[in-house]
Every structure is written in structure tokens, then in C-alpha cells.
Amino acid sequence: MSTPEPILEATCRAVEARLGHVVPKFYVERAEHGLQRAQAVLKAPSLEATLARLESLPIGSPAWQSLIEAITVGETNFFRHREWFAEIKNTILVPLIEERRKRGLKRIDLWSAAASTGEEAYTLAILIDELLPDRRDWTIRIVASDINEAALATAREGIYRPWVLREVDPAVRAKEFTEIRPSCFQLSSRLRQMVEFKRLNLCADLYPDPATGFENFDLIICRNVLIYFTPAEQLAVASRLARSLAPGGWLAVSPAEATAQWYKPLQVVNSLGAIFFRNVAGEAAKPKTARKVAAEWRHRGAKPKPAAPANRAPAPAAPHQAAEPEAAPPVTGEALSLARVMADRGDYQNARQLCEAYVAAAGPDFDAYLLLATVCLESGDLRAGFEHARRAAYLDSESAAACYMLGTISYRQGAREVARRNMELVVKLLEAQPADAPVAQYFNATAGELRASARGYLGEPIVA
Ligand SMILES: C[S@@+](CC[C@H](N)C(=O)[O-])C[C@H]1O[C@@H](n2cnc3c(N)ncnc32)[C@H](O)[C@@H]1O
């Protein structure tokens, strides 16, 4: 490797921050190769300049995509692990179809998240096609997403080498695939049309969201991607996936990713040769507040409140329910107050350490992340500050304080569009609040003050 160590490290950090990936030692060469490809795309004078440019570019830009192509692993095939898909069919799809028929609701929503070149999503299409002879009378939505545009382009074409068809039933293979070039088989357009491919970074807080249609799924398959993520992203992505399920909906991950506590409050369903998670009470669809998440971590094992699902059937009892995960570690309650005192005194390093220890012991905590964001901002670590503010906003998406912090840090980073969006959100979130209402304990500010300050940012050239 000829690239200087600090540049390699910065590349790995950029990959971690934007894609959520840990870059293990044996992958550093791929990151290096990706950075070189991005440099060629950008025609940048140096690798340092490439890194700096990447920071402000969106994930969909050609430069990021060339890095993503180098760093991601797209390994997949049709009916990957046949017995696992047999369980998807028998435990999930067949009962779901029966239940929908009984209710006269002929609609099914499925999502293959991190679908790579589409084999998993098309496997679902093949199964649905087989199970629904009257498919024309149904509304079937199969969404497939991935971060890698090149993989999605291959998926849309639906042309495959024989190797990835090895687990397809020979009769289906003969009926649905046409050899259009030597050793290149295209899936029938009738089945291709069943799947809609979209680019989505699972680590971006863009789902569940009615605006993008990523919500209310009866089944989400997300296999062999969480393993690449940092622990914080694993938890955040798992929670977003859980909240993207319809009441009664199912989440299917690979056995290596079936860590029950990531998907709380989903219920574990052990099936033959597969572990699934289910949104039995519809609880996961509700937005989480900071207090709720913190309470969940502190009192693991507490049962979710049953919710009355709107427009959806109550979930039938899960066939084989497993036990709740074990209890959380004890929480050191005074750590945050002490960290706040330290921060007020300007002792940012110790305040940060204490907050980090608190999160490690207590789990995700809105107040801790907000304080960490402030401390990092004050000590000039904007990147970490942004990440912590993002986590706080993730835990309480309606917190004006978290949005204000995101806006302030983005502004300092020069990310004007992000800053503008967040400050607009602050104004919107505080719109209905009386001017003297307190916003959040930490800021010690009123709604009127924070609103005025956010408007101040919006009035500056950052809106341009
Ligand atoms: C090993 S493939 C998994 C394919 C399929 N799910 C399976 O198990 O057969 C992993 C996929 O995750 C995608 N991926 C990696 N990071 C991602 C992210 N942050 N958001 C969305 N997709 C991501 C990669 O592009 C790749 O296509």
C-alpha cells in the first residue's frame, strides 16, 4: 500500500460515518482502491483533496458510488439457502395470504433491504407468483433497495449467470429464465415488473417514511448487511427496520444478525432453521421518544403496551415464541449531571469521557447524546459532534434542541443545505409553542429564543 497511513485512516472513518461500515484491516486495501477510483472520477489533484470533496458530496454522487463499489460485498443468489426461503414461504407468506384472503384485503407489502443485484427480491416475486394464482386481483408491492447504484442497475436488467441460479427449481428456471446470450439468463419481464428497485442508504435516517413509501411492510428481509455495520449503526438500523413493519409484520435477518435485543420490541419467532422477528402488537411502528428508548434499555423485559392497529389486522399469535433477552447492565445515574458540571466548567475532555461511559453502561440516551454533541462542538470535534446530535435526533425526532444542534454543527462544517433543513425544522417544531416555554433542559432556552436564533441562521447566506 502506497497511500500514507493518515489518509487511509481518514478514508476508513469517512466510510464508517457515511455507510456505517467498520473497515477491518483486511479491507483497508479495498478502501484505498475505492479512494483512488473516487479521485479519478473527481479528477482531484490528490487523495487529500478527494477526501475533502467526498465529505460534502451525497452518497449518490459518482465519486461516492465508485468508493461504494470497491468497499461493499454484493454476494447473493436466488433462493439463497433454500431451506431458509422454505420457512419464509411456510411460516410467513402462506399464513399471511390466508389471513388476507379471509379479510378480503388483497394486498401485500414486501421489502428486500440491501438487495444487492436483486436475486433476493426476485426470489420473493417467484414465491408470491407461485402462491397467488389470482395475482392480478392483488396489489403486490415488492421494494428492493441497496446503496450501490451499479448493483441496482444489474438488478433492474435481471440478467444472471448460471451460478446464481443454482438453487432455483429446474422447472421455474426453465419457465422463467431465457438465455439471451451464452451463459446469461434473463428473468421474465412479468416477474421483473413485480419488483421496484430504489437506492437507499440503510444508515440514513430516511425510513420509515410515508413520503418515500418505506413503511408498513408485511415482511422485510434484510440479510448479510448488518454484520458490516458499527454497533451503533446495527442498533439504529435494526430499530428503523422494526419501525418500518406493519402491525403483525415480519423481519427476517440472517442467523448471524439475529441478536434479539437489536430489534426490540419485536418478538422472536424461532422457526425450523430460521429466526424471525415479529411486530406482534404493532408497538414497533410507533415513533420512539428518548424517554421510551432509555426506559427500554433500563428495564429490559418489560412488556410493550398492546396497541390498536389502524387499517391492519390484529396479529395472530406467533407460532413459536422465544424468551425475552437478558437484563441490561446497571446504570450510573449521577454520571450525566456530573458531566454537565464538567462541561459548564470547560472540562470537555472529562465530560466527554463520562458521557461515553454513561452511554456504554445505560445504552442510547437522548440527554447523553445531546451533551456529547455540545461537548464535541465546543472542543472542535465537529464530526463526532454531528454523529452524537444525529443519534439524539434519532432517539427523539421531534426534539428542537437536537435539530438545533445538528443545524449549528452542520453550519460550522459548511454543510449549508443540512444546516438550512435543520434550522427550518427547529422553527417548524417550535411554531406552536409559546415564546416563554422551555425547550429542553440542557439549552436552558425558551422556544422564543431558540426560534429566533434558528431564524437568524436562516436569514444568513446559508440559505442560498
Ligand atoms: C452481501 S450483500 C447481501 C445481499 C442479500 N441481502 C443476501 O443476503 O443475499 C450486502 C449488500 O449490502 C449493501 N449495503 C452495504 N452497506 C449498505 C448501506 N449502508 N445501506 C444499504 N445497503 C448497503 C451492499 O451494497 C450489498 O449489496
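**Exercise 1. Strand β10**

Is strand β10 (residues 274-278) largely enclosed by the rest of the structure or largely open, and how many of its residues are buried? Describe also how strand β10 is paired.

*Solution.* The model under study is predicted.

Step 1. The criterion for a buried residue is a relative accessible area under 20%. In strand β10, 4 of the 5 residues are buried, so the strand is largely enclosed by the rest of the structure.

Step 2. One partner of β10 is strand β8 (residues 245-252); the two pair in the antiparallel sense, with 3 bridges. In this pairing, Phe276 of β10 has Ala252 opposite it.

Step 3. Another partner is strand β9 (residues 267-271), which runs antiparallel to β10 and is joined to it by 5 bridges. Here Ile275 of β10 stands opposite Asn270.

Step 4. The connection between β9 and β10 is a hairpin with 2 residues between the strands. Gly273, in the turn, has a positive phi of about 75°.

**Exercise 2. The ligand and its surroundings**

Determine which residues come nearest to the ligand, and characterise the polar contacts and the burial of the ligand.

*Solution.*

Step 1. The ligand is surrounded by 21 residues, of which His21, Thr76, Arg80, Asp146 and Asn224 come nearest.

Step 2. By class, the shell comprises 9 nonpolar, 7 polar and 5 charged residues.

Step 3. A side-chain N or O atom of Asp146 is 2.6 Å from an oxygen atom of the ligand. For Ser116, a polar side-chain atom lies 3.5 Å from a ligand oxygen atom. Ile147 contributes through its backbone: one of its backbone N or O atoms is 3.4 Å from a nitrogen atom of the ligand.

Step 4. The ligand taken alone exposes 600 Å², and the protein buries 99% of that area.

**Exercise 3. The position of Leu200**

Locate Leu200 in the chain, decide whether Leu200 is buried or exposed, and list its contacts beyond its neighbours in sequence.

*Solution.*

Step 1. Leu200 belongs to the loop between β6 (195-199) and β7 (217-222).

Step 2. The relative accessibility of Leu200 is 5%, so this residue counts as buried.

Step 3. Once neighbours within four places in sequence are set aside, Leu200 is in contact with Trp111, Ser145, Asp146, Ile147, Leu206, Tyr207 and Phe214. Among these contacts are Asp146 and Ile147; the side chain of Asp146 and the backbone of Ile147 also have atoms paired with the ligand in Exercise 2.

Step 4. Glu149 is 51 residues from Leu200 in sequence, and their C-alpha atoms are 9.6 Å apart in space.

How values were computed: Residues numbered from 1 in each chain as written. Predicted model: local features only at pLDDT ≥ 70, side-chain atom pairs only at ≥ 80, totals over all residues. Heavy atoms only, no water. Buried < 20%, exposed > 50% of the residue type's maximum accessible area, 1.4 Å probe, protein only. Pairing = 2+ DSSP bridges. Near = heavy atom within 4 Å. Polar contact = N/O pair within 3.5 Å; in protein donor to acceptor, adjacent residues only side chain to side chain. Areas by Shrake-Rupley, 256 points an atom, 1.4 Å probe, with all protein chains shown as cover. Nonpolar A, V, L, I, M, F, W, Y, C, P; charged D, E, K, R; others polar. Contact = heavy atoms within 4.5 Å.
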